[in-house]
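The following exercises concern strand pairing, a covalent cross-link and the surroundings of one acidic side chain. Please work through each task before reading its solution.

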Amino acid sequence: QVPLVESGGGSVQVGDSLRLSCVASGRTFPNWGMGWFRQAPGKEREFVAHINWDDGSAYYADLVKGRFTISRDNTKIAVYLQMNSLNSEDTAVYYCAASRTGRSGIAGAYNYWGQGTQVTVSS
C-alpha cells in the first residue's frame with residue numbers, strides 16, 4: 001500500500017503563498033504519478049496539478065496554471081505544491097493522490113488518497 005500524508009495547509013490572506021507537502025510510504029510503481037486535488041464545501045472535487053514520477057513532467061488545471069508549481073523529491077518519495085498569489089477561490093481542502101500509471105487529471109484514476117489539509121484564503 002501507499003499511504004499518503006499531507007501537510008502545510010493553513011490560513012493566509014489574498015496574495016500570500018503556501019507550500020503543501022505530501023509524503024508517501026510503501027510500494028511504488030516505476031511509471032506512477034502523483035497529483036493534488038481540492039474540494040470546497042458544497043463543491044465537487046477538482047483537479048489541481050499532477051506530476052509523473054519518472055520524468056518529472058507536470059500538468060496543471062487552468063485555474064492554477066502560472067500560480068502553482070508541483071515538484072517531487074525522490075529521496076523522500078514526496079511531492080510538493082507551491083501556491084503563489086492565492087485568492088479566495090483557492091480556499092478548499094487539498095488532497096494528495098497517487099496513480100499507478102502516470103499522468104491523470106481524473107480523480108477516479110488515482111489509487112491512493114491522503115486525508116487532506118485545509119487551505120483558507122481571506123482578505
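**Exercise 1. Strand pairing**

In which sense do β9 and β11 pair, and over how many bridges? Determine also how β11 pairs with β2, and assign the residues of β11 to its two faces.

Solution. The model is predicted.

Step 1. The pairing of β9 with β11 is antiparallel and comprises three bridges. Within it, Tyr94 has Thr117 of β11 as its bridge partner.

Step 2. Strand β2, residues 10-13, pairs with β11 in the parallel sense, over four bridges. Here Val12 is matched with Val121 of β11.

Step 3. Strand β11 spans residues 117-122; Thr117, Val119 and Val121 form its covered face, while Gln118, Thr120 and Ser122 form the uncovered one. The two bridge partners named above, Thr117 and Val121, belong to the covered face.

**Exercise 2. The disulfide**

Find how many disulfides the structure contains, and describe the linked residues by position, geometry and burial.

Solution.

Step 1. Searching the whole structure yields one disulfide. The residues concerned are Cys22 and Cys96, with an S to S distance of 2.0 Å.

Step 2. Cys22 belongs to strand β3 (residues 18-24) and Cys96 to strand β9; the two lie 74 residues apart, so that distant parts of the chain are linked.

Step 3. The angle about the S-S bond is -80 degrees, and the link between Cys22 and Cys96 is left-handed.

Step 4. Buried means under 20% relative accessible area. Cys22 has a relative accessibility of 0% and is therefore buried. Cys96 likewise has 0% and therefore counts as buried.

**Exercise 3. The surroundings of Asp90**

Decide whether Asp90 is buried or exposed, and identify the polar partners and contacts of its side chain and residue as a whole.

Solution.

Step 1. Asp90 is located in the loop between β8 (78-83) and β9 (92-99).

Step 2. Its relative accessible area is 0%, so Asp90 is buried.

Step 3. The side chain of Asp90 makes a polar contact of 2.8 Å with the side chain of Arg38. A polar atom of the Asp90 side chain also lies 2.9 Å from the backbone nitrogen of Asn87.

Step 4. Leaving aside residues up to four places away in sequence, Asp90 touches Arg38, Arg67, Phe68, Ser85, Val119 and Val121. Among these, Val119 and Val121 are on the covered face of β11, the strand treated in the opening exercise.

How values were computed
Residues numbered from 1 in each chain as written. Predicted model: local features only at pLDDT ≥ 70, side-chain atom pairs only at ≥ 80, totals over all residues. Heavy atoms only, no water. Buried < 20%, exposed > 50% of the residue type's maximum accessible area, 1.4 Å probe, protein only. Polar contact = N/O pair within 3.5 Å; in protein donor to acceptor, adjacent residues only side chain to side chain. Contact = heavy atoms within 4.5 Å. Disulfide = S-S within 2.5 Å. Pairing = 2+ DSSP bridges.
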